[in-house]
There are 4 protein chains.
Amino acid sequence: VTELPTFMTLLGLSIEQRDEGEIGLRMDVPDGWMSPFGAVHGGAIAALFDTGLAMAVARRLTPADRIATHNLNVTYIAFSRERVLLCRTRILSLRRAVATVEGEVVTAAGELVAKAVGTFGIRRQEA
Amino acid sequence: VTELPTFMTLLGLSIEQRDEGEIGLRMDVPDGWMSPFGAVHGGAIAALFDTGLAMAVARRLTPADRIATHNLNVTYIAFSRERVLLCRTRILSLRRAVATVEGEVVTAAGELVAKAVGTFGIRRQEA
Amino acid sequence: VTELPTFMTLLGLSIEQRDEGEIGLRMDVPDGWMSPFGAVHGGAIAALFDTGLAMAVARRLTPADRIATHNLNVTYIAFSRERVLLCRTRILSLRRAVATVEGEVVTAAGELVAKAVGTFGIRRQEA
Amino acid sequence: VTELPTFMTLLGLSIEQRDEGEIGLRMDVPDGWMSPFGAVHGGAIAALFDTGLAMAVARRLTPADRIATHNLNVTYIAFSRERVLLCRTRILSLRRAVATVEGEVVTAAGELVAKAVGTFGIRRQEA
């Protein structure tokens with residue numbers, strides 16, 4: 001069992017194996033991230049995207065390669081009262097030094113909560 | 001003493017009164033948000049921006065008004081090994097139903113760590 | 001025949017009816033928008049997105065409603081040497097006062113050139 | 001006299017020398033880029049930013065270096081009926097392979113029309 005980084009626990013994040021071999025990021029939103037109005041905090045969703053998009057890039061690289069978020073653009077579609085959120089990703093481009101990824105955060109029922117596009121810098125280990 | 005929302009504690013956020021009557025948001029980054037490489041996690045910075053920018057808008061409204069993040073764009077400038085980060089904001093526009101704000105996250109020494117621009121929807125209480 | 005706005009001519013834009021009743025925006029890039037290195041200028045692509053995303057929203061409204069771009073985020077994927085570019089769009093949300101749309105600019109062969117997400121304010125005509 | 005690229009003429013762009021040795025980009029908006037409602041087209045403003053921000057980076061590089069826009073995020077603040085617009089820029093970071101820049105489009109009277117942040121990839125000529 002690999003221990004998850006602490007921030008993932010703070011956000012209620014877990015990695016789930018999906019049917020088609022895809023790996024996804026799931027957030028079981030802890031109470032502390034719910035607003036007084038019963039909606040998931042936007043900051044938690046942004047952190048979910050930052051983690052989920054970077055993970056999607058990292059899976060295409062070797063463990064020694066390093067990635068850094070250059071830009072993360074999050075568009076919020078709807079407040080979510082649902083406490084289980086999933087982050088789906090699609091790599092738009094993967095080059096030597098830069099990758100672009102889009103992602104959607106959806107409820108378990110598939111309702112769109114937020115959309116993000118990220119640009120990541122890559123520093124590949126020298127062979 | 002007002003109790004802070006739990007997510008603020010999870011992120012190490014506190015509100016600080018500044019000289020000129022301005023209010024700022026400060027993050028004393030908890031250990032859990034530091035990467036294995038000793039840098040503040042990008043998701044924590046995004047959450048700091050979401051909170052700080054929304055607060056800057058909220059201070060111009062009445063307590064009964066509601067705001068919702070429509071778009072948050074974060075550009076990461078440099079990794080920060082510093083554990084004390086400040087979020088400075090500037091309102092770009094404030095209209096009846098929409099506000100735009102920019103912000104910078106800087107170290108205590110004033111080094112720029114990240115830049116963000118946010119668009120927020122406003123639902124004003126009916127008079 | 002409806003006359004197109006002048007800026008559409010300056011950009012080489014035309015509206016094309018697609019099989020499924022969808023309407024798309026096409027750019028036959030004029031010489032002036034090609035860089036010295038033979039690539040379509042990024043500004044032309046941004047203008048194509050601004051027009052195409054707004055059109056996608058406008059088609060869901062009545063002619064008297066007004067829309068304004070609040071935020072346009074463009075991620076450039078690849079330089080295009082191709083002179084025919086298409087803008088595909090998908091409405092992410094459409095509410096009373098705000099709409100969000102994503103779009104992709106692709107070559108005729110379907111190669112992804114750029115991705116955008118836009119947030120638009122709507123001022124609906126009073127009934 | 002250096003001849004300007006054609007797209008700059010199509011957009012009414014010109015480079016102006018400012019007092020402090022700074023170079024700025026000015027747009028004398030051609031009729032064709034005005035909307036039926038008398039406002040400058042958002043696409044023209046996006047193209048102005050893409051050009052102005054890239055120019056700000058290019059001036060810090062050697063002529064043989066190449067830059068590519070990775071991400072351009074434009075936040076529209078107010079419609080402009082003014083036909084003379086200026087693009088002010090500030091370099092946020094300039095590294096070997098990536099630069100970030102922010103910019104503002106203002107009227108001659110200094111009114112803020114739009115704000116942008118851009119991320120640019122740099123391919124430096126080999127020494």
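## A tour of the salt bridges, symmetry and interfaces

Start by selecting D:Glu102 and D:Arg90: their side chains form a salt bridge, with the closest N and O atoms 2.6 Å apart. This pair links distant parts of the chain, as D:Glu102 sits in strand β5 (residues 98-107) of chain D and D:Arg90 in strand β4 (residues 84-94) of chain D, 12 residues apart. Turn on a surface and compare the two ends. D:Glu102 is buried, with a relative accessible area of 6%, whereas D:Arg90 counts as partly exposed at 38% relative accessibility. Please keep in mind throughout that you are looking at a predicted model.

**Next stop: chain C.** Select C:Glu102 and C:Lys115, which form a salt bridge whose closest N and O atoms are 2.7 Å apart. C:Glu102 belongs to strand β5 (residues 98-107) of chain C and C:Lys115 to strand β6 (residues 112-123) of chain C, so this pair ties together parts that are 13 residues apart in sequence. Both C:Glu102 and C:Lys115 are buried.

**Across to chain A.** Keep chain C on screen and add A:Glu104. Its side chain meets that of C:Arg90 in a salt bridge, at 2.6 Å from N to O. Between chain A and chain C the count is four salt bridges, along with six residue pairs in polar contact, both residues at pLDDT 80 or more. To see which elements are involved, color β3 (66-76), β4 (84-94), β5 (98-107) and β6 (112-123) of chain A: each supplies at least two residues of the side of chain A that touches chain C. The largest share of that side, four residues, comes from β6(A).

Now show the whole interface. Here 16 residues of chain A are in contact with 16 residues of chain C. The two chains bury about 1,200 Å² between them, 54% of it on carbon and sulfur atoms.

**Look for the symmetry.** Superpose chain A on chain C: a turn of 180 degrees and a shift of 0.0 Å along the axis give an RMSD of 0.0 Å. That is the relation of a two-fold axis. The same surface serves both copies, with 100% of the contact residues of chain A recurring in chain C.

Then try chain A on chain B, which also takes a turn of 180 degrees with a shift of 0.0 Å along the axis, for an RMSD of 0.0 Å. Of the residues of chain A, A:Asn73 comes closest to this rotation axis, with its C-alpha at 2.1 Å. Once more the same surface serves both copies: 100% of the contact residues of chain A recur in chain B.

**A helix in chain A.** Select residues 42-58 of chain A to highlight helix α2, which has 17 residues and reaches 24 Å from its first C-alpha to its last, close to the 24 Å expected at 1.5 Å a residue. Is this helix mostly covered or not? It is mostly covered, with 16 of the 17 residues of α2(A) buried.

Step back to the loop between β2 (23-28) and α2 of chain A, where you will find A:Ser35. At 22% relative accessibility, A:Ser35 counts as partly exposed. Add A:Arg81 and draw a distance: A:Ser35 and A:Arg81 are 46 residues apart in sequence, with 9.6 Å from C-alpha to C-alpha.

**Last stop: chain B.** Select B:Arg26 and B:Asp28, whose side chains meet in a salt bridge at 2.8 Å, N to O. B:Arg26 counts as partly exposed at 27% relative accessibility, and B:Asp28 does too, at 33%. If you would like to explore further, the count comes to 28 salt bridges over all chains.

Conventions. Residues numbered from 1 in each chain as written. Chains lettered and ligands numbered in written order. Predicted model: local features only at pLDDT ≥ 70, side-chain atom pairs only at ≥ 80, totals over all residues. Heavy atoms only, no water. Least-squares fit on C-alpha atoms with pLDDT ≥ 70 in both. Contact = heavy atoms within 4.5 Å. Expected span 1.5 Å × (residues − 1). Buried < 20%, exposed > 50% of the residue type's maximum accessible area, 1.4 Å probe, protein only. Buried area = accessible area lost by both parts, 1.4 Å probe. Polar contact = N/O pair within 3.5 Å; in protein donor to acceptor, adjacent residues only side chain to side chain.
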